[in-house]
Amino acid sequence: MQQRPSPLRLGTRVFSTAAPAVMAIINRTPDSFYAPGRFTELDDALAALDRCIDQGADIVDVGGVRAGQDGPWVGEAEEITRVRPFLAAARQRHPGTLFSLDTWRAGVARACAGLIDLVNDTWAGADPQLLRVAAEQHVGYVVSHTGGLAPRTDPVGVHYGDDSDAAVVQAVRTGLLDGAARALAAGLSPDQIVLDATLDFGKTTAHSLALVRHTDELAGLGHPLMMGISRKDFVGETLDLPVDQRLEGSLAATAVAAWQGAILFRAHDVQATRRVVDMVASIRGDRPPARAERGV
């Protein structure tokens, strides 16, 4: 098992990495791939936020654009319209909660200044100014790996060397370390950087499975490792299941990745994921049981 990274500094707050944490997903999109996760109306999104926090979310990730290529193109102005009002209301409603912005656009992050603690750059620096905006705002930054694909590009015909586990893991390790170096050069400190294997982005199902199998090789790179597993296509293809039936497969992969040292899990199903990572943390010895009526 990997040694845990140092605590993560998000905005003015320090976030412990002593045990796995849950990042809830609030999608302000009408076409999110997971229909129950679509919150286009502000009141619905805020009610979902309340539920996520009640169920144990440590961070809330807010996005305004569907990740994949299906659905209409969303311009920067529309993306801002979707995420900024929600973040403003959410920050007022839950001032102690950590908020992440899921975007690849510097302009969107700039428009949300003062409302976020983390920039989740899901497309690996597609906008080179986004890193600088994160540094200027003194917020955390997620370094992702997408194999060089442009935003909203599905992985068709993607290969990493001979596509062996070793080749895939090495490519992702190299990409994440290069991204972390760019973040440091832009002015972020080491304790503001999160790494994300970015499963399914620029990766086939076989690639994503290999990365889950070898989570430990990514968790030892010196920064907290995030895994976005929830209901993704690699789970669906592996088990031949539609999106609404992928919970068990998502939780199985979550447990494997948590045991091997991943720290942050981006999830639609907050309560179920919270229980899984807490159980794994207790088995690892990173979290005491919530109660011990039968003795200690």
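This passage describes helix 6, two aromatic pairs, a buried serine and a packed pair of helices in a predicted model.

Helix 6 spans residues 205-213, and T205, H207, S208, A210, L211 and V212 are its buried residues. The elements that cover these buried residues include helix 5 (165-185), helix 7 (215-219), strand 9 (225-228), helix 8 (233-239) and helix 9 (247-259). An α-helix has 3.6 residues a turn, so residues three or four places apart point the same way.

Two residues of helix 6 were examined individually. H207, located in helix 6, has a relative accessibility of 2% and is therefore classed as buried, the cut-off being under 20%. When neighbours within four places in sequence are set aside, H207 is in contact with V158, H159, Y160, D163 and V168. With one of these residues, D163, the side chain of H207 also forms a polar contact of 2.8 Å. S208, likewise part of helix 6, is buried with a relative accessible area of 0%. Apart from residues up to four places away in sequence, S208 touches L199, D200, K203 and F234.

The model contains 2 aromatic pairs. One of them joins W73 and W104, whose ring centres lie 5.9 Å apart and whose planes meet at 55 degrees, an arrangement classed as tilted. W73 belongs to the loop between strand 4 (59-63) and helix 2 (76-93), while W104 belongs to the loop between strand 5 (98-102) and helix 3 (106-111); the pair therefore ties together parts that are 31 residues apart in sequence. The two tryptophans contrast in their surroundings: W73 is exposed, with a relative accessible area of 56%, whereas W104 is buried, with a relative accessible area of 9%.

In the other pair, the ring centres of W123 and F201 are 4.9 Å apart and the planes stand at 45 degrees, so this pair is tilted as well. W123 is situated in the loop between strand 6 (118-120) and helix 4 (129-137), and F201 in the loop between strand 8 (193-196) and helix 6, so parts that are 78 residues apart in sequence are tied together by the pair. Both W123 and F201 are buried.

A further residue, S189, is placed in the loop between helix 5 and strand 8. Its relative accessible area is 19%, so S189 counts as buried, given that the cut-off is under 20%. Residues up to four places away in sequence being excluded, S189 touches R9 and L184. The contact with R9 includes a polar one between the two side chains, at 2.7 Å. In addition, S189 and G140, which are 49 residues apart in sequence, have C-alpha atoms 8.9 Å apart in space.

Finally, helix 9 and helix 10 (residues 270-284) were considered together. Their axes come within 9 Å of each other and cross at roughly 30 degrees. Because angles under 35 degrees count as roughly parallel, helix 9 and helix 10 are described as roughly parallel to each other. The crossing of helix 9 and helix 10 is right-handed. On the side of helix 9, the contact is made by L247, L251, T254, A255, A258 and W259. Helix 10 contributes A272, T273, V276, V277, V280, I283 and R284 to this contact.

Note on methods
Residues are numbered from 1 along each chain as its sequence is written. This is a predicted model: local features need pLDDT of at least 70, side-chain atom pairs count only at pLDDT 80 or more; totals for chains, interfaces and linings use all residues. Side-chain values use heavy atoms; hydrogens and water are left out. Buried means under 20% relative accessible area, exposed over 50%, partly exposed in between (1.4 Å probe, protein chains only). Helices (H or I, at least four residues) and strands (E, at least two) are DSSP runs, numbered from the N terminus. Contact means heavy atoms within 4.5 Å. Rings of Phe, Tyr and Trp (its six-membered ring) pair if their centres lie within 6.5 Å; planes under 30 degrees apart count as stacked, over 60 as edge-to-face and the rest as tilted. A polar contact is a pair of N or O atoms within 3.5 Å; within protein, one must be able to donate a hydrogen and the other to accept it, and residues adjacent in sequence count only if both atoms are side-chain atoms. Axes are lines fitted to C-alpha atoms, for helices over the stretch in contact, and angles run from 0 to 180 degrees between N-to-C directions. Angles under 35 degrees count as roughly parallel, over 145 as roughly antiparallel, 65 to 115 as roughly perpendicular and the rest as oblique. A crossing is left-handed if the near helix is turned anticlockwise from the far one by less than a right angle, and right-handed if clockwise.
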